[in-house]
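Welcome! Here are some exercises with worked solutions to help you find your way around a new structure. Take them in order, and try each task before reading its solution.

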Amino acid sequence: MNVAAASSGQQMADCVSKVELSVCCENLLDKDLTSKSDPLCALLMNVGGNEWVEIARTERVNNCLSPKFAKKFLIDYCFEQIQKLKFGIYDIDNKTIDLSDDDFLGELECTLGQIVSSRKLTRPLLLRNRRPAGKGTITIFAEEIKDNRVVNFEAQARNLDKKDFFGKSDPYLEFYKQTEDGRWQMAHRTEVIKNNLNPSWKPFRIPLRSLCNGDLQKPVKVDCYDYDNDGSHDLIGIFETNVTKLLAASYSSPIVKEYTFLDYIMGGCQLNFTVGIDFTASNGDPRVPNSLHFINPNGYNEYLMAIWSIGMIIQDYDADKLFPAFGFGAQIPPQWQVSHEFPLNFNPENPFCGGVQGIADAYHNCLPQVKLYGPTNFSPIINHVGRFAAVAAQQPKASQYYILLIITDGVITDLDETRQAIVNASKLPMSIIIIGVGGADFSTMEFLDGDDGVLRSPTGEVAIRDIVQFVPFRKFQNAPKEVLAQSVLAELPQQVMCYFNTRKLCPPIEPSS
C-alpha cells in the first residue's frame, strides 16, 4: 500500500483553542509606606450571575508600580461563548493565600472575545466602586497556542485481498494516533471505494495535532478494511509508521501551514454583523399578546432574545460596533409600499445601529410605524449583504467577513431566488444564520442548511461552501440563554477559515509564529 502526500488543503477546526494571556500594568497605586507596592494579578472567570471563580494568578513582583508579570495565563477559548474574565491586581504584603487581606489596587472586567479581537487590550484599572484606580492601567496580550500544520495525503493500494464472495473488496482506510497511555485514537477515515482491489482514494488532509500531536516520530497506525453493509467490516491489513517516514515517500512538500480562526481575528479581520427581521402579517398584530412581535412586560420577545443572544458575542469582533439592521415583508411609510430590505431606523443612507442595544432600540421604534404584510422574501436582504461582501472579496487580504442573521416566523416565498442568492453568497466572505421563531413548519429552512446535502441553485449550480445555519428558536426555549448562540455560531470559525484559506488570503497583520 502506498500512502503519500500532496499539497494544499484546509485545516479542520476544533471548538476550543488554547490562548496564552500575558499581563503588564503601569502606574499602579502605591500602598506601601516605606517602599512601592508588591503587585500580583489574579484571573477570575464568571461562572454565572455574579459568581466568579479564581482560575490562576501570577507571581508577585516586588517594589514595582509598573510590573510585567512573567507567568502567563493559559485559557480555553471558544468563539460561540461569552467568556467573562476579571483581572484583579493586589499588593501582597503577607504569606497567606487569601487575597482578602491584601490591598486591592484595581481590576478589569472584559470578555475573552474582546481580548483576542484586540490582540493587545489596554484599559484603565477600576476600584470596586467603579471609579478609576488612580492612573493605573492594565495591558493584556493574547497569543494562540497552536500547531496549525496540516498533512495532505494521497493514498492508494495494490493487490488487496478479495474479501467478498460475489465481488471484489470495498476498501477504506482508518488512520490512528497513539495516545499517551498507548491506546489508538481515530484521526481520519477515508471514503469507501467499491469493488476495487487497486483503489486510489481521494486526496485528504489531517491536522498534524490530530495525527501525532505534532511529533513526527510518534507512531501512526493505518488499518485497511473491506466495507460491509451490515457493519461486519473485514480487516484486510494493518501497518504502523510515522509522519517522518510518510514524508520520505512523498513527491512534494506535504505539510502546509494554514491560518487559524484566531490568526485572522488577532490579525485584524473584522466580523461585520447585519440583522434582518421578518415583519410579515403571519407574525400577528404586535399589540396582541399572542403575536410573535408582542413585547412582554420584561421587555422581550423571541426576536429580541435572538438578537441579544447572537449579537452579544459577535459585537466583540467588530471594532466600530455599528450594525446595519433591516426589516422585510412590511408596508412602510410614507407611501406604504411593501419593502423587503428597509432600514429599521428608516434611514437608507445610514442604516447602522450603535451596538446590540441600538438594534433593539431601532426595532422597538420601528414596530408601531409599519404595517405587517408579506410575502416572506429572503433574497433581497441576502443580495444586499452580498454586495458588500463582494467588495470585500476584492481585497488582497482577509480583512472583512460578513454575518447575516435572519429571524423569521415562516415559510419562504421566494425559494428559488433565495437558493440562487445563497449559492452566489457561498463564493463570498459571508455566512448566514437563520433563526425560526414561533411554531411554523420550518422544513424549507432545513433544506437551505446544507448539512444533509449540497444546496443547488434552480439552474443546478452547486454552493461551493455550506454557509447557512438554521435553528428553530422553540428548540431552545427552556435552555439557558447562551445555548442558542453556541448552537448557531459553532460552525462560524470553520466557515471563516475555509473561505480565506481556500483563497490563500492572509490576515491584515501576519501572526508571529
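Buried means under 20% relative accessible area, exposed means over 50%, and partly exposed lies in between. Keep in mind that this is a predicted model.

**Exercise 1. A salt bridge from strand β7**

Task: Find the distance between the closest N and O atoms of E107 and R130, and decide how each residue is classed by accessibility.

Solution:
- Step 1. E107 and R130 form a salt bridge, and their closest N and O atoms are 3.0 Å apart.
- Step 2. The two partners come from distant parts of the chain, 23 residues apart: E107 belongs to strand β7, and R130 to the loop between β8 (120–126) and β9 (132–145).
- Step 3. R130 has a relative accessibility of 38%, so R130 counts as partly exposed.
- Step 4. E107 has 6%, so E107 counts as buried.

**Exercise 2. Another pair that involves β7**

Task: Work out which strands hold E109 and K86, and whether K86 is buried or exposed.

Solution:
- Step 1. A salt bridge joins the side chains of E109 and K86, at 3.9 Å from N to O.
- Step 2. E109 lies in strand β7 (residues 103–111) and K86 in strand β6 (residues 84–91), with their positions 23 residues apart in the chain.
- Step 3. K86 is buried because its relative accessibility is 13%.
- Step 4. E109, at 41%, is partly exposed.

**Exercise 3. A salt bridge between two loops**

Task: Locate K427 and E461 along the chain, then class both by accessibility.

Solution:
- Step 1. The side chains of K427 and E461 meet in a salt bridge of 2.7 Å, N to O.
- Step 2. K427 sits in the loop between α8 (415–425) and β25 (430–436), while E461 sits in the loop between α9 (443–448) and β26 (468–472); they are 34 residues apart.
- Step 3. K427 is partly exposed, as its relative accessibility is 35%.
- Step 4. E461 is partly exposed too, with 29%.
- Step 5. For the whole structure, the count of salt bridges comes to 13.

**Exercise 4. Looking for disulfides**

Task: Say how many disulfides a search of the whole structure finds, and check C41.

Solution:
- Step 1. The number found is 0.
- Step 2. For C41, the nearest cysteine sulfur belongs to C25 and is 6.2 Å away. A disulfide needs the two sulfur atoms within 2.5 Å, so a pair at that distance does not qualify.
- Step 3. C41 is buried, with a relative accessible area of 0%. C212 is buried as well, at 0%.

**Exercise 5. Reading a sheet**

Task: Give the strand order of the open sheet that has 4 strands, and name its edge strands.

Solution:
- Step 1. The order is β12-β11-β14-β15, with antiparallel pairing.
- Step 2. β12 (184–189) and β15 (234–241) are the edge strands, since each pairs on one side only.
- Step 3. On average, neighbouring strands here are turned by 25° against each other, ignoring direction.
- Step 4. Strand β14 (residues 220–226) and β15 run antiparallel and are joined by 7 bridges. Across from K221 stands E240 in β15.

**Exercise 6. The surroundings of G167**

Task: Describe where G167 is found and which residues it touches.

Solution:
- Step 1. G167 is in the loop between β10 (149–156) and β11 (171–178).
- Step 2. Leaving aside residues up to four places away in sequence, G167 touches K162 and N195.
- Step 3. From G167 to N196 the C-alpha distance is 8.9 Å, although they are 29 residues apart in sequence.
- Step 4. G167 is partly exposed because its relative accessibility is 22%.

Technical notes. Residues numbered from 1 in each chain as written. Predicted model: local features only at pLDDT ≥ 70, side-chain atom pairs only at ≥ 80, totals over all residues. Heavy atoms only, no water. Buried < 20%, exposed > 50% of the residue type's maximum accessible area, 1.4 Å probe, protein only. Contact = heavy atoms within 4.5 Å. Salt bridge = Lys/Arg side-chain N within 4 Å of Asp/Glu carboxyl O. Pairing = 2+ DSSP bridges. Axes fitted to C-alpha atoms, helices over the stretch in contact; angles between N-to-C directions.
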